[in-house]
Amino acid sequence: MKQELLNKYSLPVPRYTSYPPANFFNESFTADSYKEAIIESNKQNPQHISIYIHIPFCYHMCYYCGCNSQLLKDKNVVKEYIETLKKEIRMVLPLLDHSRKISQIHYGGGTPTSQPVSVLKEINRIILSEFECIENPEIAIECHPGYLDEDYWNDLINAGFNRISIGIQDFNEEVLKASARKPSRMAIEDIIHILRSKGISVNMDFIYGLPLQTPESFAETIRKAISLKPDRIVTFSYAHVPWVNELQKNLEKVGLPSVSTKNEIYETAKKLLIDAGYKTIGLDHFVLANDELYEALQTKSLHRNFQGYCTRRTTGQVYAFGNTGISQLSTAYSQNAKDLNTYMSSVNESKYPITKGYILNKEEQITREVIASLMCNYTVSWSDIARRMNISEKEVRNALNYNKEQLCDFQKDGIIEFSEDYITVLPEAAPFVRNVAASLDKLMVNNEKRYSKSV
C-alpha cells in the first residue's frame, strides 16, 4: 500500500459497528422509549432474537482495552451484580413475543470467564427456558485463557456454549507484558484439543498495533495460530482512544508502531492467512473455506450486528443486559447505565436502566443498510438496497451524502470502482472501507466527534 495513501486516508472515522455510531446516542431516549421500542421490535425484522450479556469484571486491567470493565475486587458486589443482571433479564423477556426464536447468545466484557461456570450456566438456563432456538444457534463466550484450567474449559462446554473465542492477543510474551496482559495458563494446543474433542467451534482473537510488535514478530504469532487451525482467526486493529481509557497512555511510554508499520503488520498477517487457506471476512476476520460466513460473503449477503459478523440466518435484533449493554433493535438503539451502582439501583427499583439511546429516522435506516453492505461485503448496489427496502434508487442516494467528486477521488486513488448503480471497494484497498463509508454519511458532515484512525 502506497505511503501517500496511508498518509491521506489514515483519518479518524467511525468503526461503524453500528449506525449511527454510539457517540450519537442521546439522553432524550428514556426507559419508556426503550420499553416502547422493545414492544415494536416484535413486529420488525429480523425476527430472531440475539442476546448480549455483559460481565464487566476483570482479574487485571489490560492497558489496551477500550471496553467498559473494572477490577474484580468485592465478591459481594459481584454477587449483587449477577443477581441484578438476572432480574433485568426477567424484566425484559416478558415483553418479547415468545413465538420468536433465539439465534445468538453472546457473553462479553470485561472478562465473562471471571465468573464461575455455574453462574453462566444459570443465565443460559433462564433465557433458553423461555424461547426455542433456531437450528444451530450460536451460544458464544469470550475467554481470557490466562486464568482457566482444564476443568473450567470442560465445564464451559457442559454449560451449553458451542463457540469459544480465546483472547490470545499475541503469543509474544514481551508484547503481552508491555500491554499488561497475562499469557495463557495452559498450552493453547491443549485447550484446542479439549474443545475440538467436543465439537466446539473455536475463534482465536489477536490485536495488532501494540507496543513491541513488528511485522516479523506478529508473523510468528499468526504462523502458530495457523498451525492450530482454529475455525476463525480475528486480527483486531488496536484503537488508541486514551480519552476513553486512560490506561492506554501506558502504551505510549513504550511506543506504538507507526501507521506504516502497523499496516505492514496487518498485510503480512493477511498474506500468511490467505496462503494457508483462510478467507477474508470484513476488516479483521479470517475463516476456513467451509465457514457459513464465507458462504454468505460469496452471495453478498454477509451481515453484522453488535455480536460481530453473522449471516442472515443467524442475525437477530440484539437485546443487551448488564451495565453499558447496548441493545440494537430494528429502528432504535438503547444503552444501559455505565456506572455499576446506577445500573443496579435502577434495576432493583424495577426500572429499565437506560441512560441514552437513539431512534433512527427513515434516512438513517437507509444509510445503515448502505454502510452495512459496504462494511460487510465491500460493495453496495442502490438497486439492491431499493428493492430490499421497497423504495426508489433516488431515495437511497438522497439519504446519503452522495458526492460524485469524492467518489471520483477514491477511484483515482485506486480505492473503489463505482457506477450509477454500485460502489465496490477494491480488495487491496479494504483497510480504507471505513473512509468510503464515512464519505457517504450525512452525520459526518461538520462532525467534530472523536474516533480512532482508519488504519
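**Exercise 1. Decide whether strand β6 (residues 163–169) is enclosed or open to its surroundings, and say why.**

Solution. In strand β6, 7 of the 7 residues are buried, so the strand is largely enclosed by the rest of the structure. Here buried means under 20% relative accessible area, exposed means over 50%, and partly exposed lies in between, with a 1.4 Å probe and protein chains only. Helices (H or I, at least four residues) and strands (E, at least two) are DSSP runs, numbered from the N terminus. The model is a predicted one, in which local features need pLDDT of at least 70 and side-chain atom pairs count only at pLDDT 80 or more, while totals for chains, interfaces and linings use all residues. Residues are numbered from 1 along each chain as its sequence is written, and side-chain values use heavy atoms, with hydrogens and water left out.

The next step is to consider the two faces. In a regular strand the side chains alternate between the two faces of the sheet. For β6, Arg163, Ser165, Gly167 and Gln169 on one side are all buried, and so are Ile164, Ile166 and Ile168 on the other, which leaves both faces covered.

**Exercise 2. Find which strands pair with β6, and in what sense.**

Solution. Two strands pair if DSSP finds at least two bridges between them. β5 pairs with β6 in the parallel sense over 4 bridges, and Cys143 has Ile166 of β6 as its bridge partner. Strand β7 (residues 201–208) also pairs with β6 in the parallel sense, over 6 bridges, and there Gln169 has Phe206 of β7 as its bridge partner.

**Exercise 3. Describe the surroundings of Gly109 and Glu142, which UniProt lists under "binding site".**

Solution. The unreviewed UniProt entry gives Tyr52, Gly109, Glu142 and Ile326 for this feature; UniProt positions are in the numbering used here, feature names are shortened, and annotations may be inferred rather than shown by experiment.

Take Gly109 to begin with: this residue lies in strand β4 (residues 102–109) and counts as buried because its relative accessibility is 8%. Contact means heavy atoms within 4.5 Å, and, leaving aside neighbours within four places in sequence, Gly109 is in contact with residues including Tyr52, His54 and Glu142.

Glu142, in turn, belongs to strand β5 (residues 133–143) and is partly exposed, with a relative accessible area of 31%. Not counting residues up to four places away in sequence, Glu142 touches several residues, among them His106, Gly109 and Ser165. Its side chain also makes a polar contact with the side chain of His106 at 3.0 Å, where a polar contact is a pair of N or O atoms within 3.5 Å; within protein, one must be able to donate a hydrogen and the other to accept it, and residues adjacent in sequence count only if both atoms are side-chain atoms.

**Exercise 4. Work out the span, the capping and the buried residues of helix α3 (residues 75–92).**

Solution. The expected span of a helix is 1.5 Å times one less than its number of residues. Helix α3 has 18 residues and reaches 26 Å from its first C-alpha to its last, close to the 26 Å expected. At its N-terminal end, Asp74 acts as the cap, with a side-chain oxygen 2.8 Å from the backbone nitrogen of Asn76. The buried residues of α3 include Val78, Tyr81, Leu85, Ile89 and Val92, and also Lys86 and Glu88.
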